[in-house]
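Here are a few notes to read alongside the structure. Have it open while you go through them.

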Amino acid sequence: MYKLWTIISNEIFQIYSDRNALLILLLTPLAVASLIGFAFSDVAGETIGISNIPVALVNHDQAVDQGEQRIAMGESFTKVFVPPADATEQELLDNEVWRLTDAVLLADEREARAGVDDGRYVAALIIPSDFSANMSQLYTTFESHPSTIELYANAESPVLAAIVEAIATSVATRMNAGSIAISSSIGSLIELSASDPELALQLQQADELGLFEQDFSQAFSQEDQIRFERQDISGNVARFNPFMMFGAGQAVFFMMFTAMATMNSILRERREGLLARQLATPTDPGLVLLARMLSSVCICFVQVGMLLCAMNVIGSLFEGRWSWMYGNAIGLLIVTVLAIAWAASGFASIVTSLARTPEQGNVIGGVITIAMGMLGGAFFNVSSLGGLELVRFLSVNYWGVSALIQLAQGENAVQSHLLVLTVLGTTTFVAGFLIFRKRLEA
Amino acid sequence: MTSLLVEAHGLRKVYRRAKAEPLVAVDHVDLAVERGEIFSLLGPNGAGKTTTISMLSGLVKPSEGDATIDGYSITRQPIAAKQRLGIVPQEIALYDRFSPLHNLQFFGKLYGLRGKELDMRIDEVLELVDLTSRRNDPVQTFSGGMKRRVNIAAGLLHRPALLFMDEPTVGIDPQNRRRVLDLIKHLRDQYGITVFYTSHLMEEVQELSDRIAIVDHGRLIALGTLRELVQQIGEEDRITLQIAQPTLPPQLLDQLHAAFPAPVRLDIQHDAEQNSTILQMFAKQGRKQLPQLLQLLNDAELEVHSIELREPDLEAVFLALTGRQLRD
């Protein structure tokens, strides 16, 4: 145990006393995650090279008649996403939303949810039946009745779901802004009438004649009329937080690099004679290899822990209030991060055992890390790529990020994630251990 | 307690290669090393010295054969055997961003040392290699010679009975080389440490060693003290003269062969660069023949530029045994 800890502590000290390593381990993922987080805090779809995100829309809205006017807000909302059948190719290209999404209007809500569950759609937007009725209250009873559109998202594609939410939020914001802007201008007239009795009389007459369709009181209300409620597959209400999502994604992505680099250092030490010197001591070679694996787990655990905390601080600063983004099950979160670190270190150990030189280890490790990031859905929706859909189940990123996001959304049933990560880590480590040990003896 | 500290029987190491014949790095080596001696393995680069040391120190598994360190089999009781040996690898095997103190603490702990005992041993070895004042400086700021000394210190921490030193003077200046060689003798004389030394530099081996094993192409081709090895090849002196004439007169050649009949050997070559003649004479007690040789040259009115007399050395032994220079 004493020797085990000696090697582990030496490795940890090596990494965390190196300024350059710290820069790569902590600052880079933090910067990347923050930048993406800030970008996705607003509508930024047009700056992202992504298109044709599959989205399902279900419109339960019942249009209401107000005098001679028919109010169908749900229909208006869906038209933003679903292009008319006669839209030209140029129109489809020119419209940012139509280019970014590949939206279909479905009548059956269950079909939409099932499509999200099996990965056909990244998200489903479900418009309630009282959407137009609530919105029209604004014009008739002068009361605010906010409506909630449900965004049913697939947690496996957080990035793409975030884009859909950003677009939907943008549409809702425009709708909200439209009513408030009109109310605001009427509100300015009211303010003026306070010092001008003649103007006040004219306004009253106009109102009695029904010339104003908006509620005056809304001019001073900052409350949005359209709200979003995000739900995950298991039906829990989820709050979209780009810092949480990208923090988790980047932390796991960069942690894979760290695991690869930490395990790869054994090849460098082999070349430099440091490994031989360790193995020439009365220490079991198996213990030396186990210590290296556990060092990697510790280093990755500390890295992810620090990154999640730092992302939380940045996210809280951005939101202007302190909140812990990664769920309340802290113990479970710690176990999850450990399982992710274990799985990543397992993969890294098998890469190291197969590489002949540190340079070869770096290249293979880099490729595997990027591939895992892609398979984990960090860059695009893997479910749309047919055969690759199954391969993602071998990705540490897929299981790791999805477990972290689930925990953040208050869904603590991550046992299957933990099991898969542990099995992945253990099998790859045992394989790597046996191969490397054989090579050492050769 | 037997006087033998290291015994190797039939050590063989074969490396399989993908697209070539298997490489026999060490081929059935038998050797025995006495306690308290400096035992050197001499051979050209690639002769199998490092592989032999790696097998004896438990780093590489022999394909055949076994060895014992202080009676413990390196293949069957590796931990006990390793407790008795220290290693100074050819590379500077140190964490160079860290200080000697950090490095020695790390390796000391792997030898099972801890607490005050570890501190005491670190003080001891740093004093031995004369680096106490630099104990906290990063190794990367050290000269090559200083790094070599820390490298040696790390192998001595646990006071091993046997110290393997694999070309410990590679890449250092003459001053530091002298320090290292003196330190090795000091370790044997003051601490009774047995040193198993490898080098391709015969001057070092000749100076340090109590006994020498010569290896070539993985095989041990000679073993003994310097005197015993020299005796194996007939103990000849070599006299080399540079004569300021491109050729020697035929009459003088006849006189030389008449004056120095076999088993004395004469070798005459033209030195085109200097436009002179190199005359070499190989003979037992050759120095005693030198006055007569000079007299003959003087009588022929030839000017001698230089004279070199070399007593039999390892270079000559290696040449005689393999037909090649050690540095080929």
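The points below go through a sheet in chain B, the helices on it, and the contact with chain A.

1. Before anything else, keep in mind that this is a predicted model.

2. Start with the sheet in chain B. It is an open one, built from 6 strands with mixed pairing, and the order to trace is β6-β7-β8-β3-β9-β10. The edge positions go to β6 (85-88) and β10 (219-224) of chain B; each has a single partner strand, so one side of each has no neighbour in the sheet. Going from one strand to the next, the twist averages 15°.

3. Now zoom in on one pair. Strands β7 (residues 162-166) and β8 (residues 194-199) of chain B run parallel and are joined by 5 bridges. To pick out a bridge by eye, find B:Met165, whose partner in β8(B) is B:Tyr197.

4. Next, the helices. Packed on the sheet you'll find α6 (residues 174-191) of chain B, which touches β3 (38-42), β7 and β8 of chain B, and its direction makes about 155° with that of β8(B). Helix α5 (residues 144-156) of chain B lies across β6 and β7 of chain B, and runs at about 165° to β6(B).

5. Finally, turn to where the chains meet. Chain B puts 18 residues into the contact and chain A puts in 17 residues. On the side of chain B that touches chain A, the elements giving two or more residues are α2 (78-83) and α3 (100-110) of chain B. Which element gives the most to that side? That's α3(B), with 4 residues. By type, the residues on this side of chain B split into 10 nonpolar, 4 polar and 4 charged.

Notes:
Residues numbered from 1 in each chain as written. Chains lettered and ligands numbered in written order. Predicted model: local features only at pLDDT ≥ 70, side-chain atom pairs only at ≥ 80, totals over all residues. Pairing = 2+ DSSP bridges. Axes fitted to C-alpha atoms, helices over the stretch in contact; angles between N-to-C directions. Contact = placed C-beta atoms within 7 Å. Nonpolar A, V, L, I, M, F, W, Y, C, P; charged D, E, K, R; others polar.
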